[in-house]
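Q: I've got a new model open and I'd like to learn how to read it. Can you walk me through a few features?

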Amino acid sequence: IRVFNGWDNDAPELDPLTVDWKSLGNGRVPYRLRQDAGPNNALGRVKFMLPNRFDVYLHDTPSRELFAKSVRAFSSGCIRLKEPMRLAEYVLADVPGWDRARIDSVVASGKTTVVRLPQGIPVHLTYSTVWFGEGGTIHFRDDVYGRDGLLLKALFGRVPKVKQAREDR
């Protein structure tokens, strides 16, 4: 992790060993922290920025094994993609010069490259803790954001006791 003295693009880089981290307290950190691109970057090789007030975006991950787990809350609020290269290919399909070969080449180079789309793509994210899978299999996941209780209260005027018992675990 690299440390920069501020958020400007030209902010000077600092040696993290020279920073008195304990003096910062619980307030806002005045430093910009950055992990450079590369195979071990927590965001993987591809990131899709979405304009939103929460700074939520879609990203790759070097931890591919996490997709086999039923628990999915491994990404501090952003959304890990199982197949980011397929999404990149789809999103860039109408952008001249961006075919799968070029995408693969740019990613393989390891250099950060920003591609701005000529026209935005509508994105609608949903949060589900229960859904039907293949063959009618029903899947349940923990409600890591506490939304189920809000929905149940809106629907029934209260959170049913069965749901309260589950949240107490």
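**Rings, core and sheet**

A: Sure. Keep in mind that this is a predicted model. Let's start with one ring: Tyr127 has 33% relative accessibility, so it counts as partly exposed.

Q: How many aromatic pairs are there in the whole structure?

A: A search turns up 2. In one, the ring centres of Trp21 and Tyr31 are 5.7 Å apart with planes at 65 degrees, and since over 60 counts as edge-to-face, that's what this pair is. Trp21 and Tyr31 both lie in the loop between β2 and β3, so the pair ties together parts 10 residues apart in sequence. Tyr31 is buried at 17% relative accessibility, while Trp21 is partly exposed at 36%. Tyr127 and Tyr145 are also edge-to-face, 5.2 Å centre to centre.

Q: Which residues have the most contacts inside the largest nonpolar core?

A: Phe48, Trp98 and Ile103, in a core of 14 residues. Helices α1 and α2 each give two or more residues to this core. Beyond its sequence neighbours within four places, Trp98 touches Leu92, Ile103, Val106, Thr113 and Val115. The charged end of Arg102 also sits over the Trp98 ring, 3.8 Å from its centre.

Q: And how do I read a sheet?

A: Strands pair through backbone hydrogen bonds, either parallel or antiparallel. Here, an open sheet of 3 strands runs in the order β4-β5-β6, with mixed pairing. β4 and β6 are at the edges with a single partner strand each, so one side of each has no neighbour in the sheet. β5 and β6 pair in the parallel sense over 2 bridges, and Leu58 stands opposite Ile79 in β6.

Definitions and conventions:
Residues are numbered from 1 along each chain as its sequence is written. This is a predicted model: local features need pLDDT of at least 70, side-chain atom pairs count only at pLDDT 80 or more; totals for chains, interfaces and linings use all residues. Side-chain values use heavy atoms; hydrogens and water are left out. Two strands pair if DSSP finds at least two bridges between them. Helices (H or I, at least four residues) and strands (E, at least two) are DSSP runs, numbered from the N terminus. A nonpolar core is a set of buried Ala, Val, Leu, Ile, Met, Phe, Trp, Tyr and Cys residues joined through side-chain atoms within 4.5 Å. Buried means under 20% relative accessible area, exposed over 50%, partly exposed in between (1.4 Å probe, protein chains only). Contact means heavy atoms within 4.5 Å. Rings of Phe, Tyr and Trp (its six-membered ring) pair if their centres lie within 6.5 Å; planes under 30 degrees apart count as stacked, over 60 as edge-to-face and the rest as tilted. A charge sits over a ring if NZ of Lys or CZ of Arg is within 6 Å of the ring centre and within 35 degrees of the ring normal.
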